[in-house]
Amino acid sequence: MFQESAIEEKLCNRTSDRPAALLSHQSITSDLSLEKLGMLEYGFVLSLKKYMTGLPDIKTLKKLHSKIIFDPGLCNNTSLAIKLMRAYAACGQPNVTRQLFDKIPERNVAVYNVMIRNFMNNKYYKDAIFVYKDMCKLDGSPDNYTFPCVLKACFGSDNLRVGLQIHGAVGKRGLDCDLFIGNCLVAMYGKCGCLVEARKVLNAMPKRDVIFWNSMVVGYAQNGRFDDTLEVCKEMNVLGHKPNAGTMASLLPAVSNTSIENVLFVKDIFMNMDKKDLVPWNVMIVVYVKNSMPNEAVELYLQMETRGIEPDVITFASILPACGGNLSAASLGRRIHEYVERKGLRPNLSLENALVDMYASCGCLTEARKMFEGMKFRDVVSWTSLISAYGKSGQGRDGVALFSQMLESGLQPDSIAFVSILSACSHAGLLLEGEYYYKLMTEKYKIVPRLEHYACMVDLKGRAGCINEAFNFIKQMPVEANERIWGALLGACRVYNDMDIGLVAADNLFELAPKQSGYYVLLSNIYAKAGRWKDVMTVRSIMKGKVIMKIPGVSNVELNNLVHTFLAGDTSHPQSKEIYEELDVLIGKMKEEGCVPETDSALHDVEEEDKENHLVVHSEKLAIVFPIMNTSHGTPIKISKNLRVCGDCHIAAKLISKITQRLIVVRDTNSYHHFQEGVCSCSDYW
């Protein structure tokens with residue numbers, strides 16, 4: 001809020017002796033039985049000040065207003081009328097403020113300024129501009145307090161035409177060099193996409209502060225001019241304007257899914273500023289999360305705790321996505337949830353959505369559902385997070401039921417909600433349901449499909465064995481298929497041994513992602529399942545010639561706040577000897593249960609016995625055995641793997657869950673598998 005009280009008082013004193021019915025009885029509740037307070041004007045002014053600077057109490061304000069109305073010496077006081085206008089504006093009561101404004105017969109610049117600011121602060125941008133125009137018609141002489149407010153109303157409503165008129169009026173009054181007005185002009189031009197004009201205003205200013213530069217940063221960032229955004233930051237730094245928390249916040253659009261160099265640039269800004277304020281920490285956490293750096297985000301949050309900086313709702317909503325995507329941080333997510341409950345931070349939609357998503361991303365469906373059910377308010381994001389969680393766990397029918405409930409609640413699904421339900425149908429083999437929702441999306445809700453929707457449909461058809469239909473779907477798409485779409489088709493070709501279409505998919509993938517080892521491995525697997533070992537060797541030779549290394553399978557398990565990592569055939573763990581001995585015992589019990597190794601998962605041109613031996617030492621088997629040895633009976637086991645679970649390990653995990661009476665949760669790159677009593681949540685469809 002701009003400091004205008006002194007000018008306001010001077011102008012108000014000129015009109016305070018004019019008789020007028022300034023104060024309205026409308027919208028005022030008063031307790032007439034109260035003793036007459038007999039407060040002087042000075043006392044009323046002091047009482048009203050708290051409504052402009054402190055926490056408004058609308059009930060008390062209305063009582064105070066009624067006292068002024070019934071005091072003959074105060075009801076015609078313009079100064080008090082303005083104070084009341086400002087107090088009601090601070091309470092978010094723009095209509096009452098307007099009633100007071102309308103009762104003032106002769107309005108000066110201070111009265112207009114309060115009314116314009118009232119509408120602007122309450123986001124009644126068009127009304128603010130209308131009052132400004134009325135002011136100009138009546139020769140209200142806008143001043144250096146008027147222009148910043150009305151300019152904010154212009155960029156709040158994207159009204160470039162009026163903004164240009166105001167810029168002209170500013171020049172006529174010789175206010176071009178006013179810092180506040182110049183800052184608002186830069187912000188207005190930036191919001192309206194006129195970056196050349198914004199830069200001209202910036203360059204013409206004889207004096208610029210860090211807020212001024214931040215407005216330029218925001219303009220470039222919001223318009224996707226990310227290189228220019230970072231250049232402005234470097235320029236202001238060279239000119240001696242040290243970037244602050246506002247600068248970092250302004251950079252956020254420019255540093256989402258960006259290069260590591262840009263992330264390091266923002267980190268450098270963070271490291272060179274005062275870290276007592278919470279805002280820079282929040283911004284840096286968001287930067288890490290938005291750039292798929294969950295470990296760094298969690299580490300920074302823990303540093304913040306160590307320094308004794310109190311987190312807020314924004315901190316929690318920002319860090320929770322990192323907890324969901326990081327096995328070692330899942331316990332931190334639960335700790336944050338406990339803190340939220342202890343401090344009574346609910347209801348808060350963004351925070352609760354983040355908690356639902358965190359539990360969903362950790363594969364904790366029970367906790368995610370409980371959190372969801374306990375929410376007082378829900379939006380599309382709330383429903384989508386849980387639908388997606390059911391889909392990734394292979395419980396597509398639960399996802400479909402939840403989607404139907406969302407529609408019944410009256411919420412309109414958005415593009416992301418349809419990605420979630422289509423993916424859920426794909427994971428559960430619900431071909432007809434998936435096709436129905438795709439049609440619903442395009443025909444009823446008129447949502448134009450994006451590549452994510454097309455990828456879901458190809459995956460849906462491919463998983464169901466409709467390889468030709470999936471291939472034809474790709475050929476009929478109005479956009480070029482991306483890596484994810486061809487990858488879904490190639491994966492389906494491997495499962496259903498479709499060599500011809502698999503080769504077409506592979507050719508496209510090698511062109512789109514020539515260094516991605518997974519697609520070469522998939523093609524190699526297709527050849528191997530067909531017994532075409534010469535072709536397998538050819539693929540491997542190509543990989544060797546291009547120096548493409550197969551990504552090794554890695555499985556992680558958390559125990560006592562430490563993450564233990566296992567590779568296939570790993571002997572580096574301190575308990576390796578005991579792990580292999582326990583695994584041998586389990587394999588014996590599995591064979592007693594009639595387990596036959598799925599040797600297709602060991603795609604090598606070797607004897608069956610050698611294939612079985614290779615399968616035994618897969619990383620996920622070692623990772624499962626380790627917590628069985630080191631935790632009490634009945635303790636759930638949670639594993640994360642960097643590749644998809646192979647068929648043999650999937651069979652093994654089901655049997656181990658039955659033999660040991662343990663819940664085993666395995667998160668691979670594609671989905672969550674909940675193994676219990678010899679059954680997997682995916683119903684063997686993944």
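Here are three short exercises on this predicted model, each with a worked solution.

Residues are numbered from 1 along each chain as its sequence is written. Local features need pLDDT of at least 70 and side-chain atom pairs pLDDT 80 or more, while totals for chains, interfaces and linings use all residues, and side-chain values use heavy atoms, without hydrogens and water.

**Exercise 1.** Work out the strand order of the open sheet and find which strands stand at its edges.

*Solution.* Start with the order of the six strands (DSSP E runs of at least two residues, numbered from the N terminus): β2-β1-β3-β4-β5-β6, with mixed pairing. Pairing requires at least two DSSP bridges between two strands. Next, look at the ends: β2 (562–567) and β6 (679–680) each have a single partner strand, so one side of each lacks a neighbour in the sheet.

**Exercise 2.** Describe how β1 joins β3.

*Solution.* First, take the ranges: β1 covers residues 554–559 and β3 covers 637–641. The two run antiparallel and are joined by three bridges. Then pick out one position: S555 is opposite K641 in β3.

**Exercise 3.** Which residues touch the most other members of the largest nonpolar core?

*Solution.* Recall that such a core is a set of buried (under 20% relative accessible area, 1.4 Å probe, protein chains only) Ala, Val, Leu, Ile, Met, Phe, Trp, Tyr and Cys residues joined through side-chain atoms within 4.5 Å. Among its 170 residues, the answer is I166, I319, I336 and L489. Now zoom in on I336: beyond neighbours within four places in sequence, its contacts (heavy atoms within 4.5 Å) are Y301, F316, I319, L320 and C323. Finally, another core of 28 residues lies apart, including F566 and I587.

Note on methods: Helix = DSSP H or I, 4+ residues; strand = E, 2+ residues; numbered from the N terminus. Buried < 20%, exposed > 50% of the residue type's maximum accessible area, 1.4 Å probe, protein only.
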